[in-house]
Amino acid sequence: MGAPKTVLLTVAALGIAGVAAGALVVYGGLYDVAATQQHFQPVYSLLETAMHQSVKMRARDIEPPRLDDERLVMRGAACFRDKCVQCHGAPGVAQSDIGKSMQPLPGPLVDARHHWKPRELYWLTKHGIRMSGMPAWEFRLSEEDLWSVVAFMARLPELTPQQYAEATRVEPTGAQGAQGAPARPACGPADGAAPLRAADAQRGARALPQYACSACHTIPGITSSSPNVGPPLAGIGGRSLIAGKLANTPDNMVRWLRHTHEVDPLTAMPQMGVSEQDARDIAAYLAALR
């Protein structure tokens, strides 16, 4: 019985020592969080492997549409130009200062199709990667836009810098392309967006941080650093007024979220470009905070 007891005591001692060492690193400020310092290679490799496996598992049941439609590819070129090149660069185009200064460094996407399947690239584009700087585009791009980016990334390795520049050339409003062809499509919701569906409070909870609401407000159920820029939103569903002006109804909350300065021209709260559907989803979540 002596040997097992010794093993257990040793394991317990090592566990306590590990916890103490971790606490020292965290609370002693020993870990350097500066973006001018790289992760240690083992840490980087571990995080990269965990990310790949996480995406692979969550994207496994996604069925891609046809991605060889030239119209879809050209729409993806516009989306890539407007949303991706700032961090990832492109053939003959460097990242912006933001992209070049991030850690981990967002690499070029010219070889993305060699590392990821189309369904995985779609999942990455839609949901982003936490703690990497890669944003989630679910609340900024339509489903067609998301798949168009994937379609364009499949074409990207074949493009020379000159071909990339032509594919992403900005057309003047109302202009016609070469030989009378229609102008290249812009990235973003098309005219006549999808019809509104019933408000979804769970999706509203995901939308709140995507519109930076939790950067200023402490919101029950939403992770944040407890900011004090705006008032906490605990119990907002039970308040009688919104911003001291509007009766607290779902429609008025949508109006406040989307047309903030029309309701109160003197408010410091910015208009965050919340879409109609996202505002309805957020309003449903806030209404439940009583």
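**Close-up 1. Phe152 and its aromatic partners in a predicted model.**
Let us start with Phe152, which is buried, with a relative accessible area of 1%. Phe80 is buried too, and its relative accessible area is 0%. A search of the whole structure of this predicted model turns up five aromatic pairs. In one of them, Phe80 and Phe152 sit 5.5 Å apart, centre to centre, with 55° between the planes, a tilted arrangement. This pair links distant parts of the chain: Phe80 belongs to helix H3 (residues 70–88) and Phe152 to helix H7 (residues 143–155), 72 residues apart.

**Close-up 2. Tyr164 joins the cluster.**
How are the rings of Phe80 and Tyr164 arranged? Their centres are 6.3 Å apart and their planes stand at 80°, so this pair is edge-to-face. Tyr164 is in helix H8 (residues 161–167) and Phe80 in helix H3, so the pair ties together parts of the chain that are 84 residues apart in sequence. Is Tyr164 buried or exposed? With 4% relative accessibility, Tyr164 counts as buried. Put together, Phe80, Phe152 and Tyr164 form one aromatic cluster.

**Close-up 3. A nonpolar patch on the surface.**
Here the view moves to a nonpolar surface patch of about 820 Å². Its makers are Leu24, Val25, Val26, Tyr27, Leu30, Tyr31 and Val33. Val33 is located in the loop between helix H1 (2–27) and helix H2 (41–58). Because its relative accessibility is 72%, over the 50% cut-off, Val33 counts as exposed.

**Close-up 4. Asp264, a buried acid without a salt bridge.**
Look for Asp264 in the loop that runs between helix H11 (260–263) and helix H12 (276–287). Asp264 is buried, yet it has no salt bridge. Which side chain of opposite charge is nearest? That is Lys245, 4.6 Å away. A salt bridge calls for a side-chain nitrogen within 4 Å of a carboxyl oxygen, so the distance to Lys245 falls outside that cut-off. Leaving aside neighbours within four places in sequence, Asp264 is in contact with Lys245 and Trp256.

**Close-up 5. Ser214 and the residues it touches.**
Ser214 lies in the loop between helix H9 (201–210) and strand S1 (241–242). At 12% relative accessibility, this serine counts as buried. Which residues does Ser214 touch, not counting those up to four places away in sequence? They are Leu208, Pro209, Ile219, Ile222, Thr223, Ser224 and Pro227.

**Close-up 6. Asp111 and Pro157.**
The loop between helix H4 (97–100) and helix H5 (112–115) holds Asp111. With 32% relative accessibility, Asp111 counts as partly exposed. Asp111 and Pro157 are 46 residues apart in sequence, while their C-alpha atoms are 6.4 Å apart in space.

**Close-up 7. Trp116 and its contacts.**
Trp116 is placed in the loop between H5 and helix H6 (118–127). Its relative accessibility of 13% is under the 20% cut-off, so Trp116 counts as buried. Not counting residues up to four places away in sequence, Trp116 touches Met51, His52, Val55, Leu121 and Leu124. How far is Trp116 from Gln277? The two are 161 residues apart in sequence and 31 Å apart in space, C-alpha to C-alpha.

How values were computed:
Residues numbered from 1 in each chain as written. Predicted model: local features only at pLDDT ≥ 70, side-chain atom pairs only at ≥ 80, totals over all residues. Heavy atoms only, no water. Patch = residues over 30% accessible without salt bridge, like charges linked within 9 Å, V, L, I, M, F, W, Y side chains within 5 Å. Areas by Shrake-Rupley, 256 points an atom, 1.4 Å probe, with all protein chains shown as cover. Helix = DSSP H or I, 4+ residues; strand = E, 2+ residues; numbered from the N terminus. Buried < 20%, exposed > 50% of the residue type's maximum accessible area, 1.4 Å probe, protein only. Lys, Arg positive; Asp, Glu negative; His and termini not counted. Contact = heavy atoms within 4.5 Å. Phe/Tyr/Trp six-rings, centres within 6.5 Å; stacked < 30°, edge-to-face > 60°.
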